[in-house]
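Here is a short briefing on one protein chain. Look over the structure first, then read on.

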Amino acid sequence: MTAILHDLHEHPETAFREHHAADVVVGHLASHGIAAQRPAHGLDTAVRAEVRSQDFDPTRDRTVGILAEYDALPEIGHGCGHNVIAVAGLGAFTALADLLRAEPRAFRGRVVFLGTPAEEGQAGKELMARHGAFDDLDAAVMVHSYFTDTADQAWLGRRDCRVRFTGRAAHASSHPFLGRNALDAASLAYQGIGLLRQQTPPTDRIHAVITEGGSQPNIITESAQMLLYVRSQDPETLAELSARVEQVLRGAAMMAGVEAQVRWDEAPATLPVLSNGPLTDRWVLAQRRRGRDPYPGGTVSEVLAASTDFGNVSHRVPGIHPLIRVSADGVGLHTREFAAAAGTPDAERAGMDGAFGLACAALDFLHDDALAAAVREDFERAGGFATAQDYFRS
């Protein structure tokens with residue numbers, strides 16, 4: 001596991017290009033005598049494998065999924081610690097597979113491993129979900145790297161928006177009055193987004209870049225383009241914030257006298273994470289056996305929240321997405337400092353402790369009928385099954 005953690009750390013691959021990582025995962029599963037499916041669920045770098053008890057009966061027994069991520073960020077590598085996430089998921093799955101091989105009656109049920117590509121901005125799990133990846137699961141578990149141990153942290157829903165402003169070119173000196181400046185609209189929209197933030201809750205997030213703004217200063221810009229991310233804590237508030245952002249974009253186009261083409265969700269929208277309480281409790285118990293004591297939900301400020309496509313999974317089946325300490329306190333995700341931390345002895349310990357915690361939570365879920373009933377009740381109380389398409393046309 002430690003060798004794999006460092007191998008992935010030294011060979012970072014961005015979304016949909018995780019060929020080396022997928023090969024490493026498949027090779028390790030093969031070394032345990034486990035055949036893996038790749039491609040899987042519509043993605044070339046996705047991996048699926050499973051083990052089941054000899055008397056497995058899908059009408060009576062439960063199935064738990066253990067998820068792993070292994071994509072990296074452009075330029076800074078594993079600044080989100082997905083190499084640690086991969087080892088935690090892979091280690092938990094192979095531990096349970098080895099347990100079942102050593103003692104065929106160790107547990108009843110099925111364990112599914114899912115290697116899930118393209119979490120960073122591309123919602124790979126949602127794409128896999130549309131190809132049935134989670135249809136036969138009763139629960140799903142994974143762990144995320146972080147700067148502290150946290151059992152339950154807020155994760156925001158996220159949408160992307162691309163807008164193209166189209167105006168009319170003209171000579172910027174001799175005939176500027178004949179033009180309609182698309183860059184003016186982009187500039188107005190950027191300022192309007194900044195002003196809108198004053199009227200949004202502190203957990204809402206809007207980020208924007210101008211990806212196209214003209215080529216020559218002596219030409220009135222005919223075409224300009226922006227890419228925006230919009231985030232909020234609930235699907236309903238995310239929909240409301242999206243509508244307000246689109247009003248700003250179209251209003252900017254009106255002020256500049258240009259046209260606006262607005263397109264949402266080039267990558268599928270992601271939903272906030274629904275963390276399952278009873279399963280989270282089992283994760284905490286397992287982590288305490290490893291000398292860790294994860295903070296409970298609400299301890300780490302919700303202002304620090306990011307987004308993950310596991311949110312989409314957690315609305316389909318009960319799930320947990322706790323965080324495990326990899327770096328020093330205060331080292332933020334998506335930084336070079338965190339990428340460096342993801343290759344340290346602390347990261348190695350996090351990978352092993354994470355694997356232990358996921359294996360224990362999965363094993364408890366398969367063994368304990370009362371726990372499984374509580375897990376399902378908690379899921380239904382939180383709203384039950386839902387998809388991103390139920391809230392957005394994505």
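The side chains of Arg-164 and Glu-212 form a salt bridge, with N and O 3.1 Å apart. The model is predicted. The points below cover salt bridges, cysteines, the domain layout and the interface between the domains.

**Salt bridges**

- Over the whole structure, the search returns 31 salt bridges.
- One of them joins Arg-164 to Glu-212 at 3.1 Å, N to O.
- Arg-48 and Glu-50 also pair up in a salt bridge, and their closest N and O atoms lie 3.6 Å apart.
- That N to O distance is within the 4 Å limit, so the Arg-48 and Glu-50 pair counts as a salt bridge.
- Arg-48 counts as buried because its relative accessibility is 9%, under the 20% limit.
- Glu-50 has a relative accessibility of 27%, so this residue counts as partly exposed.
- The Arg-48 to Glu-50 bridge therefore links a buried residue to a partly exposed one.

**Cysteines**

- No disulfides turn up anywhere in the structure: the search finds zero.
- Cys-80 is buried because its relative accessibility is 6%.
- Cys-161 is buried too, with a relative accessibility of 0%.

**Domain layout**

- The chain splits into two parts: domain 1 covers 1-155 + 273-391, and domain 2 covers 157-264.
- Domain 1 is thus assigned in two segments, 1-155 and 273-391.
- The centres of domain 1 and domain 2, taken over C-alpha atoms, are 37 Å apart.

**Interface between the domains**

- Eight residues of domain 1 touch 10 residues of domain 2.
- Together, domain 1 and domain 2 bury about 770 Å² between them. Carbon and sulfur atoms account for 47% of that area.
- On the domain 1 side, Val-303, Ser-307 and Tyr-391 lose the most area to domain 2. Together these three residues make up 53% of what that side buries.
- The domain 1 residues that touch domain 2 comprise five nonpolar, two polar and one charged.
- What polar links cross the interface of domain 1 and domain 2? Two residue pairs are in polar contact there, both at pLDDT 80 or more.
- Salt bridges across the interface of domain 1 and domain 2 number zero.

Definitions and conventions:
Residues numbered from 1 in each chain as written. Predicted model: local features only at pLDDT ≥ 70, side-chain atom pairs only at ≥ 80, totals over all residues. Heavy atoms only, no water. Disulfide = S-S within 2.5 Å. Buried < 20%, exposed > 50% of the residue type's maximum accessible area, 1.4 Å probe, protein only. Domains from an automatic or database assignment. Contact = heavy atoms within 4.5 Å. Buried area = accessible area lost by both parts, 1.4 Å probe. Polar contact = N/O pair within 3.5 Å; in protein donor to acceptor, adjacent residues only side chain to side chain. Nonpolar A, V, L, I, M, F, W, Y, C, P; charged D, E, K, R; others polar.
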